[in-house]
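Reader: I'm more at home at the bench than with coordinates. Could you show me how to read a few features here, one at a time?

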Amino acid sequence: QILILDFGSQFTQLIARRVRELNVYCEIHPYNNLPPITPAIKGIILSGSPCSVRDADAPTVHLAAFRHKLPVLGVCYGAQLLAQTSGGEVKPSSIREYGRARINHIETGNRLMQGLDLNSQVWMSHGDTITSLPTDFDVIASTETVRVAAFQAQGEETYGIQFHPEVTHTTQGKQLLKNFVVDICGCSQDWTAESFVDTTVATLKEQLGNDNVVLGLSGGVDSSVAAMLIHRAIGANLYCVFVDNGLLRKDEFEGVLESYKTMGLNVKGVDAKDQFYHALAGLSDPEAKRKAIGKTFIDVFDQEAHRIENVAWLGQGTIYPDVIESVSVKGPSATIKSHHNVGGLPDFMKLKVVEPLNTLFKDEVRLVGRTLGLPNHILGRHPFPGPGLAIRILGDVTPEKVAILQQVDALFIDGLRREGLYDQVWQAGAMLLPVQSVGVMGDERTYERVVALRAVTSVDGMTADWAHLPYTFLADISNEIINKVKGVNRVVYDISSKPPATIEWE
Ligand code: XMP
């Protein structure tokens, strides 16, 4: 495997993704918590950073722990750190070096630069630049403005690159990473969804033995794939709980419960609608609503878990980005919204936690799900928030409002599917607004609710743009909603991107 040391760059996760795309397993660790350098580690990548190596408190790492022993690739800050600590010089760039540049010199025969073309586009993003290299380092690539675009330390497999091979705008970045990971480090490209399933199931068998595990299913991809994996390892000792919180999409509870049963999972559906509606009664503040839902979920789940005898483990569908966030080198970021399913369940449950997906990215979870035979309608579904429709009903939540929103949402989602648009957007849904507007139907004045439709394109939900759905589609859906859903007389379409807006309205 490859070890990526994170110095806080916004691109660190991308490095990991690119390495995984080469079917090579890798892990990200913070620079200040170096894991033991075991023989399984074949090479090390030092990430970029928002810091400058010239800062007094610049993040650094004990390079001697691995340099000269393993191949090392420094990217941007990582490269500057390698150069500076060996006697080179790093200074602020005199000209801005952000965005595209072209390689105009490549050292022929250099292993890292194999297969890269002169004039190839690379992506730069740095305020500092290496002005002089240590005497025993050689330049192996340059651009017009950056002489030291890449270097190698003589007699070692230690390399640095000033540009970012992990971003897609560096057109041959993947080739460069392949040169490092496969040719220089000697990693075999055998990390696939199938191999992941085999090794994970074997590990789970060993870890769980004859113990019982309880797992909360949400209907989403992550918890479903986690359940399938654990089920493959321990069969009927896995007890799944699927809670109807009364905030799911129309007919979703029954449909998804049926699919889970067809998949062979031992799953208990729990109707807790009233408990959730009761907890939400009178609450209109978004955070108060989220907290009430989170707490009710824990109560219901805890009650169910206690009904299972000898349960020792709690299964969770935590994925790698959640883990990286929690060990991130950046300080805790401001709480924009409290996601109730991050942070786990309280201590009083006293269960050990098993999280078989905690090394995978979302797209890898999907691949594993496909390998395990998860049906397409679960694999390909849009993300749906844990607090469900409650955070799409602005203001207080009542069963009547939920029923209206479920109808609107179902028409919108069915329409997207019918027109082949569902898979083109990352997420879609409808919001019930706390306003009424005047309309006219026949000769009658109406004074009814307004709904907002929201569809976004995104890669990871961190940033998003509003989906440019065809006007004809929006026109048809608006008509259909107003004609079919009693109590709604106006439909608007949300054209805000994230940031500055968020995907959900609450
Ligand atoms: P925002 O609204 O923060 O949403 O732009 C980003 C993504 O996260 C989902 N989301 C949640 N998911 N529990 C979840 O499981 C939550 O509390 C929650 N809040 C937002 C949202 O649907 C979008 O996919």
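Reader: Let's start with Gly219: is Gly219 buried or exposed?

Author: The idea is to count C-beta atoms around a residue, and 20 or more others within 10 Å makes it buried. In this predicted model, Gly219 has 20 C-beta neighbours inside 10 Å, so Gly219 counts as buried.

Reader: Where is Gly219 found, and which residues does Gly219 touch?

Author: Start with the elements on either side. Gly219 sits in the loop that runs between strand S10 (212-217) and helix H5 (221-234). Then look for partners beyond the immediate sequence: leaving out residues up to four places away, Gly219 touches Glu252 and Val256.

Reader: Which residues does the "binding site" annotation cover?

Author: A record can label a stretch of residues, and you can then look each one up in the model. The UniProt annotation "binding site", from an unreviewed entry, covers Ser218, Gly219, Gly220, Val221, Asp222, Ser223 and Ser224. Take Val221, which is found in helix H5. Val221 has 23 C-beta neighbours inside 10 Å and so counts as buried. Once neighbours within four places in sequence are set aside, its contacts include Val365, Arg366 and Gly369, as well as Ile378, Leu379 and Arg381.

Reader: What does the "active site" annotation cover?

Author: Here the unreviewed UniProt entry lists Cys76, His164 and Glu166. With such a list, compare sequence spacing with distance in space. These residues span 91 residues in sequence, yet no two of their C-alpha atoms are more than 11.2 Å apart, so they gather at one spot.

Reader: Where does Cys76 lie, and which residues is Cys76 in contact with?

Author: Cys76 lies in the loop between strand S4 (72-75) and helix H2 (77-85). Cys76 is buried, with 25 other C-beta atoms within 10 Å. Apart from neighbours within four places in sequence, Cys76 makes contact with Gly48, His126, Gln162 and His164; His164 is itself covered by the "active site" annotation.

Reader: And Glu166: where is Glu166 found, and is Glu166 buried or exposed?

Author: Glu166 is in the loop between strand S9 (158-161) and helix H3 (173-184), and its 27 C-beta neighbours inside 10 Å make Glu166 buried. Beyond four places in sequence, Glu166 touches Phe11, Leu14, Ile15, Arg18 and Gly173.

Reader: Zooming out, how many helices and strands does the chain have?

Author: The chain has 13 helices and 18 strands. Its radius of gyration is 26 Å, close to the 23 Å that the globule rule gives for 506 residues, so the chain is as compact as a globular protein of that length.

Conventions
Residues are numbered from 1 along each chain as its sequence is written. This is a predicted model: local features need pLDDT of at least 70, side-chain atom pairs count only at pLDDT 80 or more; totals for chains, interfaces and linings use all residues. Helices (H or I, at least four residues) and strands (E, at least two) are DSSP runs, numbered from the N terminus. The radius of gyration is taken over C-alpha atoms; the globule rule is 2.2 Å times the number of residues to the power 0.38. UniProt positions are given in the numbering used here, feature names are shortened, and annotations may be inferred rather than shown by experiment. A residue is buried if 20 or more other C-beta atoms lie within 10 Å of its own, exposed if 12 or fewer, and partly exposed in between; C-beta atoms are placed from the backbone. Two residues are in contact if their C-beta atoms, placed from the backbone, lie within 7 Å.
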